[in-house]
Amino acid sequence: MLELLNFERYRLKKNVHSYLQGDLFIAYDVNSGSLHLLDERTFNVLKAIENLQEVEEKVTSAGINQILRQAGKLALTEEELAEIIEEMEELRQEGTLFSEEAEVITPNYPEKPIVKAICLHVAHDCNLRCEYCFAGTGAFGGSRTLMDLETGKKGIDFVLESSGHRDHCEVDFFGGEPLLNFGVVKALVEYGKRAGAAKHKTIKFTLTTNGVLLNEEIQNYLEEEEISVVLSLDGRPEVHDRMRPYANGRGSYAKITPLIKQFTTKRPESSPYALGTYYYVRGTYTHYNLDFDRDVLHMADLGIKQISVEPVVAGPEDAYAFQEGDIDKIREAYDRLGEELLKRRAQDRNFNFFHFNVALDQGPCLLKRLSGCGAGHEYVAISPEGDLYPCHQFVGQEAYKLGSLYDENPLQLKPEVVKDFRSANVYAKSTCRECWARFACSGGCHAANVASTQKLTEVYALGCELQKKRLEVALYIKIKESLQNNDRLAVVSSPVPEIRC
């Protein structure tokens with residue numbers, strides 16, 4: 001019976017991820033996107049086959065039972081094992097388990113990059129001095145300066161022209177703190193709408209702010225102009241104030257929290273997938289708050305519904321950097337957060353945690369899953385001086401400079417940098433090629449990879465582990481909610497396809 005499944009030609013660990021989360025045994029079929037709810041016997045068989053493949057070329061019934069005994073599990077009779085394998089084979093033929101591995105493709109991009117989104121750094125200055133700031137507390141390693149209106153207009157002209165045939169493009173206002181240059185932001189929104197209409201295009205605007213200057217006038221403007229907003233808050237007062245103080249060392253929590261609460265009430269229907277006109281509140285957790293689930297819940301208790309809390313990326317010399325032994329505590333925090341999210345949703349106290357969102361029935365195409373955010377060829381950041389970089393986290397790094405808005409031909413992005421970023425997909429990273437989460441994380445953040453390994457094609461190992469943990473919890477939540485809703489889910493003696501892509 002084992003021959004039916006062709007295990008000699010199929011690497012289970014790479015293509016089917018089976019794991020225990022909470023009280024559920026789960027199998028995720030990587031290439032079809034199908035989820036399966038298992039009983040313990042079937043889960044043990046899958047793990048035994050996976051472990052056997054690491055040491056043996058051939059998978060046999062005797063080998064499976066040997067692995068089970070070594071793990072302290074009950075061995076199965078030939079009849080019991082045959083029944084499980086037969087039902088697995090039915091699912092294989094159906095295409096929902098052990099599905100054929102996706103063909104390795106080479107992304108085929110147009111010779112001239114189509115840039116569909118820009119990040120306008122309208123302020124390289126900030127009214128806070130966040131300890132972990134990748135932008136050097138706002139100045140990006142240079143002088144503190146604001147973007148002038150002329151440079152901003154050139155940036156908008158650039159994306160309207162570079163977006164080619166696309167009807168929609170995006171402009172993000174970023175810093176530092178962009179509200180320090182609010183007059184220019186307003187003028188650029190007006191200019192962008194007018195210039196876009198002249199080219200029969202629509203610009204979606206987003207603004208990222210620490211909230212210090214988010215008074216009612218600005219809040220109303222953002223609402224009237226339908227500008228999406230990303231707000232910064234790390235969680236509990238003591239956590240936030242430790243890492244996000246003013247220049248004089250005083251904490252900023254007391255100032256910004258009422259303003260953030262006031263603004264978020266204006267958008268009760270904001271999209272959990274950051275679509276349309278949205279808001280979400282974004283925090284950063286560090287070695288100092290490995291119980292960051294408490295910070296997420298603190299924000300939810302404030303009435304904030306759209307929340308994202310990200311792990312800090314730091315060097316070993318930084319006191320707030322993660323240390324050896326932290327990873328288990330971080331995993332436990334994600335586990336606790338997943339359970340609490342389910343509990344609150346059942347009590348009609350729902351909130352959305354951005355990293356637990358997963359859409360199995362829809363989502364990006366394979367090309368997007370391979371290459372991720374499009375930094376360096378579909379998305380660029382523009383400094384106050386008009387210099388072009390692959391994304392906001394590369395601004396100021398001369399090796400990654402793509403050009404300038406003031407070049408004779410600003411549309412001609414530096415070809416070798418474009419090539420490097422286009423090539424940095426999942427298949428270019430040896431770690432990713434064998435990873436079960438390869439189509440979910442797209443090889444991780446380019447900037448985090450470079451910061452950690454100094455290479456675009458080598459992954460930030462800790463970030464990879466955390467991404468996989470978040471995905472495991474997200475899939476678990478998906479199944480739990482389907483069970484609660486009486487969808488087509490049942491615990492049976494063999495895996496049954498439950499949720500499909």
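Which residues of the largest nonpolar core touch the most other members?

**View 1. The largest nonpolar core of the predicted model, centred on Leu120 and Phe173.** Of the 116 residues that make up this core, Leu120 and Phe173 touch the most other members, while helix H17 (residues 461–484) gives the most to the core, with eight residues. When residues up to four places away in sequence are left aside, Leu120 touches Met147, Gly152, Gly155, Ile156, Val171, Asp172, Phe173, Phe174, Leu188 and Ile382. A second core, separate from this one and made up of 25 residues, includes Phe43, Ile49, Ile85 and Met88. In soluble globular proteins, nonpolar side chains tend to be buried together.

**View 2. The whole chain, with 17 helices and 16 strands.** The C-alpha atoms fill a box of roughly 75 × 50 × 45 Å along the principal axes, and the radius of gyration of 25 Å agrees with the value near 23 Å that a compact globule of 501 residues would have. Buried residues account for 54% of the 501 residues, and the accessible surface comes to about 22,200 Å², of which 48% belongs to carbon and sulfur atoms. Among contacts between residues at least 6 apart in sequence, 70% join residues at least 24 apart.

**View 3. Strand S9 (residues 228–232) and its pairing with strand S8 (residues 202–209).** These two strands pair in the parallel sense over four bridges, with Leu207 standing opposite Val229 of S9, and together with helix H7 (residues 216–224) they make a right-handed β-α-β unit. In a regular strand the side chains alternate between the two faces of the sheet. In S9, Ser228, Val230 and Ser232 point one way and Val229 and Leu231 the other way, and all are buried, so that five of the five residues of this mostly covered strand are buried.

**View 4. Strand S10 (residues 279–285) and its parallel pairing with S9 and with strand S11 (residues 306–311).** S10 pairs with S9 over four bridges and with S11 over five bridges, both in the parallel sense. Arg282 of S10 is the bridge partner of Ser232, and the bridge partner of Arg282 in S11 is Ser308, which places Arg282 in both pairings. S10, helix H10 (residues 293–301) and S11 make a right-handed β-α-β unit. Because six of its seven residues are buried, S10 is largely enclosed by the rest of the structure.

**View 5. Helix H16 (residues 446–453) and the residue that follows it.** Six of the eight residues of H16 are buried, so this helix is largely enclosed by the rest of the structure; the buried residues are His446, Ala447, Ala448, Asn449, Val450 and Thr453. Just after the helix, Gln454 takes a positive phi of about 65 degrees.

**View 6. Thr453 of helix H16 and its contacts.** Is Thr453 buried or exposed? Its relative accessibility is 17%, which lies under the 20% limit, and Thr453 therefore counts as buried. Apart from residues up to four places away in sequence, Thr453 touches Glu458 and Val459. The C-alpha atoms of Thr453 and Ser34, which are 419 residues apart along the chain, are separated by 33 Å.

Methods: Residues numbered from 1 in each chain as written. Predicted model: local features only at pLDDT ≥ 70, side-chain atom pairs only at ≥ 80, totals over all residues. Heavy atoms only, no water. Buried < 20%, exposed > 50% of the residue type's maximum accessible area, 1.4 Å probe, protein only. Pairing = 2+ DSSP bridges. Right-handed = clockwise from strand over helix to strand, strands pointing away. Rg over C-alpha atoms; globule rule 2.2 N^0.38 Å. Contact = heavy atoms within 4.5 Å. Areas by Shrake-Rupley, 256 points an atom, 1.4 Å probe, with all protein chains shown as cover. Core = buried A, V, L, I, M, F, W, Y, C linked by side-chain atoms within 4.5 Å.
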